[in-house]
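Okay, thanks for coming, everyone. Today I want to walk you through salt bridges, so let's get the structure up on the screen.

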Amino acid sequence: MIRDNLTTNAHAVWEPKWQAILSEAPWQQWIQDDDFFDCKDQFLERMHSWIIENDLNTVNATSLEPFRFYRKDSIIGSTQALDEFHWRHRGKTLRIFRGEYGYNKRVYETHTDFVPQLDHLDKSTGEYVPLTENEYVIISLPFAGFGDRHYHMDEMLDDALQSNTPVLVDCAWYGTCMNIEFDFLHPAITEVCFSTSKGLGCGRFRSGIRYSNYNDGMICQHNNYNHVVGSNMQLAMWMMEHFRSDHIPYKFREMQHELCNELEITPSNCMHVGMAPRTDAWSEYELAGLHYRVGLNKIIRLRRQNKL
């Protein structure tokens, strides 16, 4: 029965307390204050604190300070930052690792073919494929293909620095993970984004923060003129007051390990992902010809409900 409820997607673990806390949000009080949704600066400060106040990951807070990224902007989830990064580097070739968030490839293919044997940063054997000219890189941290820091990340960043290749680090899964180092001092990193969708259950009222040194682009314009979604930011801050950025791993790590042991697969450092052996028995979970990623969100929910 456990195998029947595994998934090939990577939807995050759902915390039922999110809805309970959300239902307690004082909307009537909020909407009586004309300035209540003018909260961009407050949100950026609060989300920055939420990110660095984490006991289960190693977060180099200095690497997100103004000397490294002098600008913080409110975004409508990490996806808005990804969209602008694709737009900013239109005409260049997208380079990603096998197993990266599929959205990036789909967006890129709206105007250019993605050629796996050329555009992936790694071969199906896992071997690194160096950068060339006129390219840009998106890499998730934790990496979407296996829920940990990508083993070629440092090599890729050194390569990007030498080739002057812009790099976006997408931390959309932050809040679901543990035992991962988040350090953004490497000079090849152009921008970093975090989202509230996975770690706080805000996927239907998205918000997030982008760190960069830009003075142009749509996100800068939206923030400069305060054309941001105040209701989403207030809801996110309400959730942050009740749930730390390490809440999900604290609550679900033991359950994740228990289920992975039963399945004889390896728990990743993200609570909603397990890694299966590369055998025929797990072939349906093959991702981009390299990783065998298993989605655990459904079986964790059923185990939590004592239905599994």
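Let's begin with lysine 105, which is partly exposed at 30% relative accessible area. Keep in mind that this is a predicted model. The partner of lysine 105 is glutamate 109, and their closest N and O atoms sit 3.4 Å apart, so by the 4 Å cut-off that's a salt bridge. Glutamate 109 is partly exposed too, at 35%.

Next pair: arginine 303 and glutamate 262, with side chains meeting in a salt bridge at 3.1 Å, N to O. This one links distant parts of the chain, because arginine 303 is in helix 12, residues 297–304, while glutamate 262 is in helix 11, residues 247–263, and that puts them 41 residues apart. Buried or exposed, what is arginine 303? Buried, with a relative accessible area of 13%. Glutamate 262, on the other hand, counts as partly exposed, at 43%.

Okay, on to a network. Salt bridges with shared partners join Arg71, Asp73, Glu84, Arg88, Arg210 and Asp216 together. Let me pick out one pair there: glutamate 84 and arginine 210 form a salt bridge, 2.8 Å from N to O. Glutamate 84 belongs to helix 4, residues 78–88, and arginine 210 to strand 8, residues 208–212, so this pair ties together parts that are 126 residues apart in sequence. And how accessible is arginine 210? It comes out at 0% relative accessibility, so we call it buried. Glutamate 84 counts as buried as well, at 1%.

And how many salt bridges does the structure hold? The count is 15. Okay, over to you for questions.

Methods
Residues numbered from 1 in each chain as written. Predicted model: local features only at pLDDT ≥ 70, side-chain atom pairs only at ≥ 80, totals over all residues. Heavy atoms only, no water. Helix = DSSP H or I, 4+ residues; strand = E, 2+ residues; numbered from the N terminus. Buried < 20%, exposed > 50% of the residue type's maximum accessible area, 1.4 Å probe, protein only.
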